[in-house]
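Biologist: Hi! Could you pull up the model so we can walk through it together?
Modeller: Sure, here it comes.

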Amino acid sequence: MAAHRKPKQRPYTGPAARTAATLAFAGAATAAALPGPAHADPQRTPAQVRSEVDRLYHDAEVATEQYNGAKEKATAAEGALDTLRDEAARRTERLNASRAALGSFAAAQYRTGGLDTSVQLALSSDPDQYLERAAYLDRIGDRQAAALDKVRHQVAQIATLRAQAKGKQAALAARQAELKKHRATITAKLAEARRLLARLSPPERTAYADSDHGSPGRADRSTARGPVHAPNARAAEAVAFAYGALGKPYVWGATGPSSFDCSGLTQAAWRSAGVSLPRTTYTQINAGRRVSRSELAPGDLVFFFSGISHVGLYIGNGQMIHAPRPGAPVRIAPIDQMPFAGAARVA
């Protein structure tokens, strides 16, 4: 009795094989995408979400200060490059003028240089006049040699300028690449923070928006205040500017007048008082005399975190005005809500 055997299947070829492979891949991908106990994203509590959002905002602020520093350097590199290009253009114009004068000398020499000087003297009807002209021509020859040296010197200078411009162009390209990297980091951190905040209930999001790194803060621009008490008129002017900025939004990279990031606010405040501060937190801390926490006076810059990534303007009574983070406008807040890193007195 013949054994019953399962018919041997012929392998797929051509379009049928591609279709089968596509279906098999799609099925495997679908199976991998199905949620399972081993792959489930653990649910965070609201407190954990807020803590993670705080971390993301802090990381974004670190990247923002790095972006600000890179932007400042890129602007300087661009300015230096433009200066070199302008100088090279001016020198090229002078070189062209020198070349034109040299060409005139060469043409004159060609026109008069066909006869030997002794022959010209012999044929001259007035030898004395010829000798005077010969001396003049010698002087022209000296001028021609000087003009030639000048052209050579100008060509060398322009070559040097162009080499310097090439170096500045490379530096600018590096700064622009750095800007792009920091911008991508900031964008990614803020997008992740928004995604996490979307998990919170509306009341929880409102509570977080009204907090300042988890601590209460006031953002009302109409906050009542008396006269600004400061060690000097400039400090008083800086503090008055900061009060006037209350309620304005935080925007990373912004220096006013309608929005600020943390170092942009302090820079703008002191600029209003006629004092120029560097752009970033980690350079502003070295812009003035370091003071201890016990010595703080209104107008002092107060810095936070080990990387000096946040700054505010001290206004007295343990309070500062600062631009906290996206979604939290410029506000008054206590300085003890973040890790204190130091202070500087600008004026």
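Biologist: Which residues have the most contacts inside the largest nonpolar core?
Modeller: In this predicted model, they are W270, L301, L313, I321 and V330, in a core of 30 residues. Helix 6 (233-244), helix 7, strand 4 and strand 5 each supply at least two residues of that core.

Biologist: What is I321 in contact with, leaving aside its neighbours within four places in sequence?
Modeller: Its partners include A242, Y243, L246 and L265, and also L313, I315 and V330.

Biologist: And what does the second core include?
Modeller: That one is separate and has 24 residues, among them L84, A88, L200 and Y208.

Biologist: Switching to the sheet: in what order do the strands come?
Modeller: Six strands make an open, antiparallel sheet, in the order 3-8-4-5-6-7. Strand 3 (289-291) and strand 7 (331-334) are at the edges with a single partner strand each, so one side of each has no neighbour in the sheet. On average, neighbouring strands are turned by 40° against each other, ignoring direction.

Biologist: Which helix packs on the sheet?
Modeller: Helix 7 (residues 262-272) does, and it touches strand 4 (301-304), strand 5 and strand 6. The direction of helix 7 makes about 45° with that of strand 5.

Biologist: How many bridges join strand 5 to strand 6?
Modeller: Three, and the two strands run antiparallel. Y314 is the residue standing opposite M320 in strand 6.

Biologist: Okay, charges now. How many salt bridges does a search of the whole structure find?
Modeller: Nine. One of them joins E52 and R55, with the closest N and O atoms 2.5 Å apart. Both residues lie in helix 2 (residues 46-112), three residues apart, about one turn of the helix.

Biologist: Which residues are linked with that pair in a network?
Modeller: D59 and K189 are linked with E52 and R55 through salt bridges.

Biologist: Is R279, which forms a salt bridge with D261, buried or exposed?
Modeller: R279 is buried, and so is D261. Their closest N and O atoms are 3.0 Å apart. R279 lies in the loop between helix 7 and helix 8 (281-284), while D261 lies in the loop between helix 6 and helix 7, so the pair ties together parts 18 residues apart in sequence.

Biologist: And why does E178 count as partly exposed?
Modeller: Because its relative accessibility is 27%, and partly exposed covers the range between 20% and 50%. E178 meets R175 in a salt bridge at 3.3 Å, N to O, and R175 is also partly exposed, at 29%.

Methods:
Residues are numbered from 1 along each chain as its sequence is written. This is a predicted model: local features need pLDDT of at least 70, side-chain atom pairs count only at pLDDT 80 or more; totals for chains, interfaces and linings use all residues. Side-chain values use heavy atoms; hydrogens and water are left out. Two strands pair if DSSP finds at least two bridges between them. Helices (H or I, at least four residues) and strands (E, at least two) are DSSP runs, numbered from the N terminus. Axes are lines fitted to C-alpha atoms, for helices over the stretch in contact, and angles run from 0 to 180 degrees between N-to-C directions. Contact means heavy atoms within 4.5 Å. A nonpolar core is a set of buried Ala, Val, Leu, Ile, Met, Phe, Trp, Tyr and Cys residues joined through side-chain atoms within 4.5 Å. Buried means under 20% relative accessible area, exposed over 50%, partly exposed in between (1.4 Å probe, protein chains only). A salt bridge is a side-chain nitrogen of Lys or Arg within 4 Å of a carboxyl oxygen of Asp or Glu.
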